[in-house]
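Please walk me through this structure in plain paragraphs. Begin with one residue and its surroundings, then turn to a helix and the chain as a whole.

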Amino acid sequence: MATSPASVRIPSKMATSTSIDIFILRHGEAGNRMAAVEKDSERPLTPEGRAEMQKIAKSLKAVGLETDRIYTSPLRRARETGEIVANVLKIPTLEEWNELKPDGSRAELYRKLARLEQSSRPILVGHEPYLTSMIGEIIGTTSAKIVLKKGGVGKVRITSFTPRISGELRWLLTPRIITKMS
């Protein structure tokens, strides 16, 4: 019997009160899927996508985004996005998580997030529609019409992992808004 990611049981030792802020970042502009000679997983950021991610990362730094770790999908475009942000923000921890792939297991992602320290404020770099589905699930709706543009960033506060993951959307910013903030 399949279980939905939201109904996954987290071990009881993690059932205490939770407040973890996660920053959700969609990868930057990547090469055209149809024109790509390589596999989809190897599509790199375009030069324009790299430049835009540099601007976005500098803006996040300018507005004081505080984090010490980035977890990224292993797909090239997401990994490159994470590397740019890690470099600009001087983030020491950049780790690939298969759970952030477009077909990754959100249930496993939630288990990993539940094991993080309460003071953690990670950036999760991934893909659509996975990321907006995850946001909707955390805030308790599967019908939310959330749009996370390439290079867009959202902040979600997870308030509980039991009996199911729950939390609130704190903000959602387009690349244009982010770069105008600094």
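In this predicted model, His 27 has a relative accessible area of 5%, and because the cut-off for a buried residue is under 20%, His 27 counts as buried. His 27 does not belong to a helix or strand but to the loop between β1 (20–26) and α1 (47–62). Leaving aside residues up to four places away in sequence, the residues that His 27 touches are Arg 77, Ala 78, Thr 81, Val 125, Gly 126, His 127, Lys 150 and Gly 151. Two of these partners, Val 125 and Gly 126, lie in β4 (123–126).

Strand β4 also leads to helix α3, since β4 is among the elements against which the buried residues of α3 pack. Helix α3 spans residues 106–114, and its buried residues are Arg 106, Ala 107, Leu 109, Tyr 110, Leu 113 and Ala 114. These residues lie on the same side of α3, because they cover an arc of only 160° around the axis. An α-helix has 3.6 residues a turn, so residues three or four places apart point the same way. Besides β4, the buried residues of α3 pack against β1, α4 (130–138) and β5 (153–160).

The chain as a whole holds 5 helices and 6 strands, arranged along the sequence as β-α-β-α-β-α-β-α-β-β-α. Its 182 residues are 48% buried. Among contacts with a separation of 6 or more, 74% come from residues 24 or more positions apart. The accessible surface is about 9,300 Å², and carbon and sulfur atoms make up 49% of that area.

Definitions and conventions:
Residues numbered from 1 in each chain as written. Predicted model: local features only at pLDDT ≥ 70, side-chain atom pairs only at ≥ 80, totals over all residues. Heavy atoms only, no water. Helix = DSSP H or I, 4+ residues; strand = E, 2+ residues; numbered from the N terminus. Buried < 20%, exposed > 50% of the residue type's maximum accessible area, 1.4 Å probe, protein only. Contact = heavy atoms within 4.5 Å. Areas by Shrake-Rupley, 256 points an atom, 1.4 Å probe, with all protein chains shown as cover. Arc of directions from axis to C-beta.
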